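Visitor: Please guide me through a close look at a single part of this model, and then place that part beside other features of the chain. I would be grateful for each term to be explained as it arises.

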Amino acid sequence: MLHTSDWHLGRSFHRVSLLAAQREFIDHLVTTVRERHIDAVVVAGDIYDRAVPPLAAVELFDDALHRLADLGVPTVMISGNHDSARRLGVGAGLIDRAGIHLRTDPAGCATPVVLSDDHGEVAFYGLPYLEPGLVREELGASAAGHTAVLGAAMDRVRADLATRPSGTRSVVLAHAFVAGGAVSDSERDITVGGVASVPADVFDGVDYAALGHLHGCQTITERIRYSGSPLAYSFSEAAHRKSLWVVELGAAGEAPSCERVDCPVPRPLARIRGRIEELLDDPDLDRHEEAWVEATLTDAVRPQEPMARLARRFPHVLTLVFDPERPPEDPLASYAQRLRGRSDRQIAEDFVAHVRGGRGPDEAERALLGDALEAVRSAAHEGVVPGEESGAGAATAGATMGEAAR
């Protein structure tokens, strides 16, 4: 099978459209499926970059579905935290007949797509992104956290698998942050209650877990892997090797055999750092002249027209960061440095302390801030567009945000 994820169709890179590069990736995907005689394709979420994608992204997705269906290769897809599960799932029952199996409803996580090979049956379970506040009751989870809801979903998977013939192998698609994975700047924070990750042992008992969410291709265990995104979506991914996993399942109990297949690179990324004169004159930087460039200037005083000067040598420079060299004892730090590694909730609480002379939120206020952040994320995951939807849910989210703001 071929394992991919995090297409983020419709996303741009620092205001540069990636639609042509995403179209090239779909061509590469279809070619790989055809030339390597792939038996099944699994796509582990974040098909689109946002809940209401642009028309061009929808058309590209539609084209991908038609081309995969024309090859007659079964495809299993789940929704991710960037997708609107309800929007993505429209027509799922109909396109299921074409061999394209969209899994966006948590209630169906224990209903597999069953395929066969020389070793017998393989059950593919699609677990869409599980927003804890939205699915806890439906799944009967013990708590409103990622580990609890994903664990409850996996309990259902294992219960269904136990009813199947001996030797049935299992593949689980999931969109989550599994402990041990390396993050990138381009992934949306999914922290709930201060915790974003889940332990790898939540997937115990399955032959292969095809993960999405983290944008770097990585191996958690020999049976648990991230394919990563097919394109770089932030300069933090400059060193990534973008690829797909081609996974071969053997008989029951055998470890899968996995091979990486590189994806096309539309343009390399480069992060360069130094004083502007150094960046303009250093011959070692010749290799980056055709790359997309993030330049960090360390000049003590901001240079005149730095972007225009850099663009003469690096015509594809996209971002400029100022990080003046300071003595170690200098207490000043950039805003970005102060925020690095902090969650949305920590940033909000720090802001409250800042505007109140150092007095941070009490427990009740912390709970309000947490509720507000959860309400906003849940609304985004459901694809609610401001002004589009009214009613109790929208009113509650608005009221919570208002209370937190006060």
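Guide: Let us begin with two residues that face one another: Thr296 stands opposite Val321 in strand E19. Thr296 belongs to strand E18, residues 292-297, which runs parallel to E19 and is joined to it by 5 bridges. Strands (E, at least two residues) and helices (H or I, at least four) are DSSP runs numbered from the N terminus; two strands pair if DSSP finds at least two bridges between them. The model is predicted, with local features requiring pLDDT of at least 70 and side-chain atom pairs pLDDT 80 or more, while totals for chains, interfaces and linings use all residues. Residues are numbered from 1 along each chain as its sequence is written, and side-chain values use heavy atoms, without hydrogens or water.

E18 and E19 belong to an open sheet of 3 strands, ordered E17-E18-E19, whose pairing is parallel. Strand E17 (269-274) and strand E19 (317-322) are at the edges; each has a single partner strand, so one side of each lacks a neighbour in the sheet. On average, neighbouring strands here are turned by 15° against each other, direction ignored. Such angles run from 0 to 180 degrees between N-to-C directions of lines fitted to C-alpha atoms, for helices over the stretch in contact. Helix H8, residues 306-313, lies across E18 and E19 and runs at about 135° to E19; contact means heavy atoms within 4.5 Å.

A further open sheet has 6 strands in the order E6-E5-E4-E1-E15-E16, with mixed pairing. Its edge strands, each paired on one side only, are E6 (100-103) and E16 (257-262). Neighbouring strands of this 6-stranded sheet are turned by 20° on average, direction ignored. Within it, strand E1 (residues 2-4) and strand E4 (residues 41-44) run parallel and are joined by 3 bridges, with Leu2 opposite Val41 in E4. Helix H1, residues 19-35, packs on this sheet, touching E1, E4, strand E15 (243-248) and E16, and its direction makes about 160° with that of E1.

We may now turn to the aromatic rings, of which the structure holds 4 pairs. Rings of Phe, Tyr and Trp (its six-membered ring) pair if their centres lie within 6.5 Å; planes under 30 degrees apart are stacked, over 60 edge-to-face, and the rest tilted. The pair of Phe13 and Phe235 is tilted, because the ring centres are 5.1 Å apart and the planes stand at 55°. Phe13 lies in strand E2 (residues 12-13) and Phe235 in the loop between strand E14 (224-226) and E15, so this pair ties together parts 222 residues apart in sequence. Phe13 and Phe235 are buried, that is, under 20% relative accessible area (exposed is over 50%, partly exposed in between; 1.4 Å probe, protein chains only). Tyr48 and Phe61 form an edge-to-face pair, 5.4 Å from centre to centre with 70° between the planes. Tyr48 is in the loop between E4 and helix H2 (55-71), and Phe61 is in helix H2, 13 residues apart. Tyr48 and Phe61 are both buried. Ring pairs also link Phe13, Phe235 and Trp292 into a cluster.

Finally, consider helix H10. The buried residues of H10 are Glu349, Val352 and Ala353. These residues lie on the same side of H10, because they cover an arc of only 95° around the axis, taken from the directions from the helix axis to the C-beta atoms. Phe351 and His354, on the other side of H10, are exposed. After H10 comes Gly357, which has a positive phi near 70°.
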